[in-house]
Amino acid sequence: PTVLREKGFRVMVYLEDHAPPHVHVVKDNEVAIYVLEPVALREIIGSMSKADVAKAKRLIVARHDFLKKEWNRING
């Protein structure tokens with residue numbers, strides 16, 4: 001499910017997803033996956049621009065506590 005929409009990005013946490021806790025950040029059908037502890041880029045699917053990858057990371061850092069709680073709520 002989508003847990004956050006902000007600045008053109010959609011942040012998703014998949015149900016029954018594997019550890020470590022991470023989020024999928026989507027913009028214009030491009031995806032960047034960020035591990036939450038510590039916040040780090042794990043993978044890019046597609047061709048998300050370097051600028052959008054950096055913006056996505058700033059968004060994840062700014063909303064870190066909320067996103068970690070959502071991952072735990074959805075995946076236990």
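1. Let's start with Glu-37 and Lys-68, which form a salt bridge in this predicted model. Their closest N and O atoms are 3.4 Å apart. The pair links distant parts of the chain: Glu-37 belongs to the loop between S4 and S5, Lys-68 to helix H2 (residues 64-75), and 31 residues separate them. Glu-37 counts as partly exposed, at 42% relative accessibility, and Lys-68 is partly exposed too, with a relative accessible area of 32%.

2. Glu-37 deserves a second look for its backbone. A cis peptide bond joins Glu-37 to Pro-38, with omega about -20°. Pro-38 is found in the loop between strand S4 (30-36) and strand S5 (39-45). There is also a cis bond from Ala-19 to Pro-20, where omega is near 0°. Pro-20 sits in the loop between strand S2 (9-12) and strand S3 (22-27). When you browse the model, both spots are easy to find from these residue numbers.

3. How many salt bridges does a search of the whole structure find? The count is five, and one of them joins the side chains of Asp-52 and Lys-27 at 3.2 Å, N to O. Asp-52 lies in helix H1 (residues 50-62) and Lys-27 in strand S3, so this pair ties together parts that are 25 residues apart in sequence. Are Asp-52 and Lys-27 buried or exposed? Both are buried.

4. Lys-27 has another partner worth viewing on screen. Its charged end sits over the ring of Phe-9, 5.0 Å from the ring centre. As for rings paired with rings, the structure holds zero aromatic pairs.

5. Helix H2 offers a further salt bridge, in which the side chains of Arg-73 and Glu-70 meet at 2.7 Å, N to O. Arg-73 and Glu-70 are three residues apart in the helix, so about one helical turn separates them. Their surroundings contrast: Arg-73 is exposed, with a relative accessible area of 58%, whereas Glu-70 is buried, at 13%.

6. Now for the turn after S3. Which phi sign does Asp-28 have? Its phi is positive, about 55°, although Asp-28 is not a glycine. Asn-29 likewise has a positive phi, near 65°, and is a residue other than glycine. Asp-28 lies in the loop between S3 and S4, as does Asn-29. Asp-28 is exposed, with a relative accessible area of 64%, and Asn-29 is exposed at 73%.

7. The strands at the start of the chain are worth tracing by eye. Strand S1 (residues 2-6) and S2 run antiparallel, joined by four bridges, and Leu-4 has Val-11 of S2 as its bridge partner. Val-11 is in turn partnered with Val-25 in S3. S2 and S3 are also antiparallel, with three bridges between them. The hairpin of S1 and S2 has two residues between the strands, and Lys-7 there takes a positive phi near 55°.

8. Finally, a friendly pointer to His-22, in strand S3. His-22 is buried, with a relative accessible area of 0%. What does the side chain of His-22 make a polar contact with? Its partner is the side chain of His-24, at 3.4 Å. Leaving aside neighbours within four places in sequence, the residues in contact with His-22 are Asp-17, Ile-33, Tyr-34, Val-35, Leu-36, Arg-42 and Trp-71.

Conventions: Residues are numbered from 1 along each chain as its sequence is written. This is a predicted model: local features need pLDDT of at least 70, side-chain atom pairs count only at pLDDT 80 or more; totals for chains, interfaces and linings use all residues. Side-chain values use heavy atoms; hydrogens and water are left out. Rings of Phe, Tyr and Trp (its six-membered ring) pair if their centres lie within 6.5 Å; planes under 30 degrees apart count as stacked, over 60 as edge-to-face and the rest as tilted. A charge sits over a ring if NZ of Lys or CZ of Arg is within 6 Å of the ring centre and within 35 degrees of the ring normal. Buried means under 20% relative accessible area, exposed over 50%, partly exposed in between (1.4 Å probe, protein chains only). A polar contact is a pair of N or O atoms within 3.5 Å; within protein, one must be able to donate a hydrogen and the other to accept it, and residues adjacent in sequence count only if both atoms are side-chain atoms. Contact means heavy atoms within 4.5 Å. Two strands pair if DSSP finds at least two bridges between them. A salt bridge is a side-chain nitrogen of Lys or Arg within 4 Å of a carboxyl oxygen of Asp or Glu.
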